[in-house]
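Please look over the chain shown below before reading on. The briefing then goes through its fold, its interior, some individual residues and its charged pairs.

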Amino acid sequence: TDYTRSFASVITKGGREFWKVQQTTADVSHVWTCPWSKSLMEATPDMRLICEGKIHNIVTVIDVDEAHQKVQIQTKIAPLGQ
(Lines give C-alpha, C1' and ligand atoms only; values in the text may rest on other atoms or scores of the structure.)
Protein backbone atom coordinates (compact mmCIF):
# COMPACT_ATOMS: atom_id res chain seq x y z
CA THR A 1 0.00 0.00 0.00
CA ASP A 2 1.05 3.60 -0.48
CA TYR A 3 2.47 5.29 2.61
CA THR A 4 2.69 8.79 1.13
CA ARG A 5 3.23 10.62 -2.17
CA SER A 6 5.39 13.62 -2.93
CA PHE A 7 6.98 15.59 -5.72
CA ALA A 8 10.75 15.14 -5.92
CA SER A 9 13.84 16.02 -7.89
CA VAL A 10 16.43 13.29 -8.32
CA ILE A 11 20.19 13.11 -8.79
CA THR A 12 21.65 9.84 -10.07
CA LYS A 13 25.09 8.38 -9.58
CA GLY A 14 26.33 10.29 -12.63
CA GLY A 15 25.50 13.77 -11.29
CA ARG A 16 28.14 16.19 -10.01
CA GLU A 17 26.27 16.86 -6.76
CA PHE A 18 25.91 13.13 -6.29
CA TRP A 19 29.67 12.78 -6.02
CA LYS A 20 29.56 14.71 -2.74
CA VAL A 21 26.94 12.31 -1.38
CA GLN A 22 29.02 9.31 -2.44
CA GLN A 23 31.82 10.43 -0.14
CA THR A 24 29.69 9.54 2.88
CA THR A 25 27.29 6.89 1.55
CA ALA A 26 28.87 4.52 -0.94
CA ASP A 27 25.82 2.26 -1.26
CA VAL A 28 23.51 4.92 -2.81
CA SER A 29 22.42 5.11 -6.45
CA HIS A 30 19.87 7.97 -6.30
CA VAL A 31 19.29 11.01 -4.09
CA TRP A 32 15.74 12.40 -4.04
CA THR A 33 14.96 15.90 -2.75
CA CYS A 34 11.36 16.59 -1.67
CA PRO A 35 9.52 19.32 0.18
CA TRP A 36 9.71 18.63 3.94
CA SER A 37 6.81 16.75 5.50
CA LYS A 38 6.42 14.80 8.71
CA SER A 39 5.32 11.69 6.83
CA LEU A 40 8.46 11.71 4.66
CA MET A 41 10.67 12.21 7.72
CA GLU A 42 9.08 9.12 9.27
CA ALA A 43 9.95 6.92 6.25
CA THR A 44 12.29 4.06 7.16
CA PRO A 45 14.72 1.72 5.34
CA ASP A 46 12.01 -0.96 5.59
CA MET A 47 10.03 1.06 3.02
CA ARG A 48 10.55 1.46 -0.72
CA LEU A 49 10.33 4.40 -3.08
CA ILE A 50 8.68 3.69 -6.43
CA CYS A 51 9.10 5.99 -9.42
CA GLU A 52 7.99 5.18 -12.97
CA GLY A 53 7.63 1.52 -12.01
CA LYS A 54 11.19 1.22 -10.69
CA ILE A 55 11.66 0.14 -7.08
CA HIS A 56 14.29 1.87 -4.93
CA ASN A 57 15.25 0.67 -1.45
CA ILE A 58 15.50 3.52 1.05
CA VAL A 59 18.95 3.80 2.63
CA THR A 60 18.41 6.93 4.73
CA VAL A 61 16.13 9.97 5.13
CA ILE A 62 17.65 13.34 6.02
CA ASP A 63 16.16 16.70 7.06
CA VAL A 64 18.43 18.94 4.95
CA ASP A 65 20.23 21.42 7.24
CA GLU A 66 17.64 20.45 9.91
CA ALA A 67 15.61 23.37 8.57
CA HIS A 68 12.31 21.50 7.95
CA GLN A 69 12.32 22.78 4.36
CA LYS A 70 13.63 19.83 2.34
CA VAL A 71 13.87 16.09 2.83
CA GLN A 72 16.63 14.14 1.13
CA ILE A 73 15.96 10.44 0.58
CA GLN A 74 18.97 8.36 -0.38
CA THR A 75 18.15 5.11 -2.19
CA LYS A 76 19.66 2.24 -4.10
CA ILE A 77 17.99 0.34 -6.95
CA ALA A 78 16.31 -2.81 -5.70
CA PRO A 79 17.62 -6.10 -7.11
CA LEU A 80 15.40 -7.69 -9.78
CA GLY A 81 12.64 -9.77 -8.32
CA GLN A 82 12.25 -7.70 -5.18
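What follows is a short briefing, grouped by topic.

The model is a predicted one, and its secondary structure comes to two helices and five strands. Read from the N terminus on, these elements run in the order β-α-β-α-β-β-β.

**Overall picture**

- Of the 82 residues in the protein, 28% are buried.
- The protein exposes about 5900 Å², and carbon and sulfur atoms supply 53% of that area.
- Among the contacts with a separation of 6 or more, 46% are between residues 24 or more positions apart.

**The nonpolar core**

- The largest nonpolar core has nine residues, namely Trp32, Cys34, Leu40, Ala43, Leu49, Ile58, Val61, Val71 and Ile73.
- At least two residues of this core come from each of strand 2 (30-35), strand 4 (54-63) and strand 5 (70-77).
- In soluble globular proteins, nonpolar side chains tend to be buried together.
- Ile73, a member of this core, is in contact with Trp32, Cys34, Leu40, Leu49, Ile58 and Val61, and also with His30, Val31 and Thr60, when its neighbours within four places in sequence are left aside.

**Two buried polar residues of strand 4**

- His56 is found in strand 4, and it counts as buried because its relative accessible area is 3%, which is under the 20% cut-off.
- Leaving aside neighbours within four places in sequence, the contacts of His56 include His30 and Trp32, as well as Arg48, Leu49 and Cys51; Thr75, Lys76, Ile77 and Ala78 are also in contact with His56.
- Asp63 lies in strand 4 as well, and it is buried yet has no salt bridge.
- The nearest side chain of opposite charge to Asp63 is that of Lys70, 10 Å away, so this pair does not meet the salt-bridge limit of 4 Å.
- A polar atom of the Asp63 side chain does, however, lie 3.4 Å from the backbone nitrogen of Ala67.
- With neighbours within four places in sequence left aside, Asp63 is in contact with Trp36, Met41, His68, Gln69 and Lys70.

**Loop residues with positive phi**

- Glu52 lies in the loop between strand 3 (48-51) and strand 4, and it has a positive phi of about 50° although it is not a glycine.
- Glu52 counts as exposed because its relative accessibility of 78% is over the 50% cut-off.
- His68 lies in the loop between strand 4 and strand 5, and it has a positive phi of about 55° although it, too, is not a glycine.
- His68 counts as partly exposed because its relative accessible area of 46% falls between the cut-offs of 20% and 50%.

**Salt bridges**

- How many salt bridges does the count come to? The count comes to two salt bridges.
- Side chains of opposite charge can pair when their charged atoms come close.
- In one salt bridge, the side chains of Arg5 and Asp2 meet at 2.7 Å, N to O, and both Arg5 and Asp2 are exposed.
- In another salt bridge, the side chains of Glu42 and Lys38 meet at 3.7 Å, N to O.
- Glu42 is partly exposed, at 42% relative accessibility, whereas Lys38 is exposed, with a relative accessible area of 56%.

Note on methods. Residues are numbered from 1 along each chain as its sequence is written. This is a predicted model: local features need pLDDT of at least 70, side-chain atom pairs count only at pLDDT 80 or more; totals for chains, interfaces and linings use all residues. Side-chain values use heavy atoms; hydrogens and water are left out. A nonpolar core is a set of buried Ala, Val, Leu, Ile, Met, Phe, Trp, Tyr and Cys residues joined through side-chain atoms within 4.5 Å. Buried means under 20% relative accessible area, exposed over 50%, partly exposed in between (1.4 Å probe, protein chains only). Helices (H or I, at least four residues) and strands (E, at least two) are DSSP runs, numbered from the N terminus. Contact means heavy atoms within 4.5 Å. Accessible areas come from the Shrake-Rupley method with a 1.4 Å probe; for residues, only the protein chains shown count as cover. Lys and Arg count as positive and Asp and Glu as negative; His and the chain ends are not counted. A polar contact is a pair of N or O atoms within 3.5 Å; within protein, one must be able to donate a hydrogen and the other to accept it, and residues adjacent in sequence count only if both atoms are side-chain atoms.
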